[in-house]
Amino acid sequence: MNALWVAPVMPDYESARATFSWRRERSRLAGLPDGGINIGYEAVDRHLREGHGDRVALRCVGRDGSVAAMTFARLAAGSSRFAHVLETLGLERGERVFTLLGRRFELYSTVLGTLRAGRVLCPLFTAFGPEPVALRMELGNARALVTTRELYERKVAPVRPRLPHLRHVLLLDPGADPPPGTLSFPALTDAAPDEYTVQPTDPAEPALLHFTSGTTGTPKGAVHVHEAVLAHHVTAAYALDLHEGDVFWCTADPGWVTGMSYGIIAPLTHGVTTVVDEGDFAPARWYGILADQHVTVWYTAPTALRMLMRAAPRDGSAPTARHDLSSLRFVASVGEPLNPEAVHWGREALGLPVHDTWWQTETGAIMIANFAADPVRPGSMGRPLPGVEAAVLACGEDGRAAVTSGHVQILQEPGAQGELALRSGWPSMFRGYLHEPQRYEACFADGWYLTGDLVSRDADGWYWFVGRADDVIKSAGHLIGPFEVESALMEHPAVAEAGVIGRPDELAGTIVKAFVLPRPEYPPDPQLRRDVLAFARRRLGPAVAPREIEFVEDLPHTRSGKVMRRLLRARELGLPEGDVSTLEAPEPAGTARPSGKEP
Ligand code: WT7
């Protein structure tokens with residue numbers, strides 16, 4: 001069998017959908033000798049087995065511009081060493097290994113070694129502060145952590161007493177005087193054998209844990225299983241047009257699901273070369289990578305595209321005038337709404353339209369996309385992939401899909417707005433929220449998975465994003481739970497209460513804004529604002545902390561005592577305040593009086 005599956009040409013969207021079956025697609029995977037499925041095996045072992053160990057798996061561009069390559073054979077050896085280390089350290093199957101790492105080779109050997117050994121991997125975002133890091137490691141019962149000395153000292157050491165389950169901390173760069181309670185990643189891996197046989201793995205065995213944010217409560221740990229790799233592999237062909245010989249660059253951070261599904265797993269299963277950029281965003285650097293690495297398929301995000309648009313030279317010349325982007329064949333975007341302007345800009349500046357794709361942490365892989373074979377509809381998320389059934393569901397008063405006696409109502413008319421739902425049953429569907437079966441159950445009704453996104457569908461079946469049905473904030477492509485931010489703010493002695501919303505921003509799409517009710521003894525002056533902002537940033541990290549704080553004299557509450565973020569948002573945006581019947585008290589004076597509530 002050919003190891004490197006070439007995506008079928010899709011002349012016709014409808015017939016591709018009509019003939020698709022996940023069961024048949026399973027033959028695209030190599031599969032374990034005993035019929036099982038292991039993501040790590042699909043990503044590295046299969047290429048060795050099929051004689052392609054000398055192909056370049058990763059090409060790493062350092063901060064200084066230096067380039068280093070790693071073949072599939074070396075990646076297999078590195079991940080084998082890490083798999084042995086986990087066994088030597090006594091980690092049991094199913095126990096969790098966390099990473100707090102940027103993009104670098106060791107991240108890949110850690111992820112793949114963990115998966116090949118049947119342990120579960122959970123990536124964390126390096127721009128998280130100590131609080132989000134500790135909370136996620138507590139919830140996920142982290143047994144081992146791989147990170148750098150600098151990140152450990154800043155973000156983990158201060159919260160380590162909260163993490164009694166964390167037995168092993170492996171530092172990539174421990175130095176001559178390693179911090180107490182840490183181990184040396186290089187010393188352990190250097191001493192380990194470089195061959196490892198992937199253990200039998202049930203397709204439904206947990207492989208990955210990805211934390212995502214909800215409206216209330218703790219972050220949700222979405223559990224994904226090994227057979228998800230089938231969806232990673234197939235969707236990368238259909239939605240990202242990945243072919244043999246491609247050079248693929250996914251700019252997402254490895255701390256989030258995109259960085260895992262498409263930054264690591266999908267391209268490796270296809271045997272293509274993945275560009276690993278150790279550096280930070282900078283327009284010239286990014287164009288340089290696209291040109292110098294001959295990137296053919298590029299998967300990025302609207303915020304990055306907007307920043308590139310803004311950085312356009314004043315003389316109006318296209319980046320193609322200064323950088324040879326002739327290798328680039330396909331550009332796709334994900335994570336937040338892609339403005340039509342960005343699609344048009346792509347055509348002019350890169351010579352290619354930008355293909356929007358839609359999915360979530362919970363779906364594990366792309367579900368809706370502007371296909372390679374289809375013309376792009378600027379502003380639309382695209383159409384459901386083969387194997388994916390989507391629908392728009394009628395919503396109730398709470399703005400979520402209405403479920404009446406166990407049934408939902410599918411809206412058929414074009415343009416009707418409702419909650420986006422997906423028919424359960426694709427391989428990369430999450431299998432649970434860690435420790436929260438009820439929260440998981442609440443995501444499903446009548447055989448549909450309810451996404452929490454509001455959309456409409458046009459007469460031709462293209463989907464259009466309208467907004468979130470909940471209070472979760474999407475900033476620069478990252479989901480932020482308002483409750484997590486409010487909780488951290490309220491740890492500050494001056495903060496009596498806080499309500500957190502997303503405020504539209506030209507670059508980031510949305511930024512986090514906090515309304516803060518100060519305690520009476522603290523005057524709400526600029527000094528206090530700076531102090532609270534700095535406090536939040538220290539605890540939460542730059543990715544999660546509010547960018548803006550407004551002191552208020554009162555916060556609107558529901559009768560059950562929750563801060564009404566919907567109302568805060570409506571006021572901020574100057575929108576009608578809508579239904580305030582659950583409001584606790586009219587505030588400020590002049591707004592509608594809630595029915596039945598005595599002052
Ligand atoms: C939420 C999921 C997609 C993987 C990375 C983020 C929003 C995602 C789009 C898009 C408009 C989008 C939705 C979704 N979103 N893609 N193409 N257009 N909004 O995964 O962190 O779980 O976020 O991101 O609101 O529900 P996530």
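**Exercise 1. Determine the strand order of the open sheet of three strands and describe its edges and packing.**

Solution. The order is S24-S25-S26, and the pairing is mixed. Here strands (E, at least two residues) and helices (H or I, at least four residues) are DSSP runs, numbered from the N terminus. The model is predicted: local features need pLDDT of at least 70, side-chain atom pairs count only at pLDDT 80 or more, and totals for chains, interfaces and linings use all residues. Residues are numbered from 1 along each chain as its sequence is written.

Step 1: edges. S24 and strand S26 (548-551) each have a single partner strand, so one side of each lacks a neighbour in the sheet. From one strand to the next, the twist averages 25°; angles run from 0 to 180 degrees between N-to-C directions, and axes are lines fitted to C-alpha atoms, for helices over the stretch in contact.

Step 2: pairing. Two strands pair if DSSP finds at least two bridges between them. S24 (residues 495-505) and S25 (residues 509-518) are antiparallel over ten bridges, with Val 495 opposite Pro 518. A hairpin of three residues joins S24 to S25. S25 and S26 are instead parallel, over four bridges, and Lys 513 has Glu 548 in S26 as its bridge partner.

Step 3: packing helices. Helix H16 (residues 526-540) packs on the sheet and touches S24, S25 and S26, its direction making about 135° with that of S26. Helix H17 (residues 565-573) also packs on the sheet, touching S24 and S25, and its direction makes about 50° with that of S24. Contact requires C-beta atoms, placed from the backbone, within 7 Å.

**Exercise 2. Give the order of the nine strands in the open sheet and identify its edge strands.**

Solution. The strands follow the order S2-S1-S11-S10-S12-S13-S14-S15-S16, with mixed pairing. Strand S2 (67-71) and strand S16 (383-384) stand at the edges; each has a single partner strand, so one side of each is left without a neighbour in the sheet. Within the sheet order, S10 (residues 247-250) and S12 (residues 297-300) pair in the parallel sense over three bridges, and Cys 250 has Tyr 299 in S12 as its bridge partner.

**Exercise 3. Establish whether the faces of strand S17 are covered or uncovered, then follow the surroundings of Ala 421.**

Solution. Step 1: a residue is buried if 20 or more other C-beta atoms lie within 10 Å of its own, exposed if 12 or fewer, and partly exposed in between, with C-beta atoms placed from the backbone. In S17 (residues 390-393), Ala 390 and Val 392 on one side and Ala 391 and Leu 393 on the other are all buried, and both faces are covered.

Step 2: S17 pairs with S18 (residues 417-423) in the antiparallel sense over four bridges; the bridge partner of Val 392 is Leu 420.

Step 3: beyond four places in sequence, the residues touched by Ala 421 include Ala 390, Ala 391, Leu 393 and Trp 448.

**Exercise 4. Check the length of helix H4 and assess its burial.**

Solution. At 1.5 Å a residue, the 17 residues of H4 (residues 72-88) should span 24 Å, and the end C-alpha atoms are 24 Å apart, which agrees; the expected span is 1.5 Å times one less than the number of residues. Of the 17 residues, 13 are buried, so H4 is largely enclosed by the rest of the structure. Gly 90, with a positive phi near 85°, follows H4.

Note on methods. Contact = placed C-beta atoms within 7 Å.
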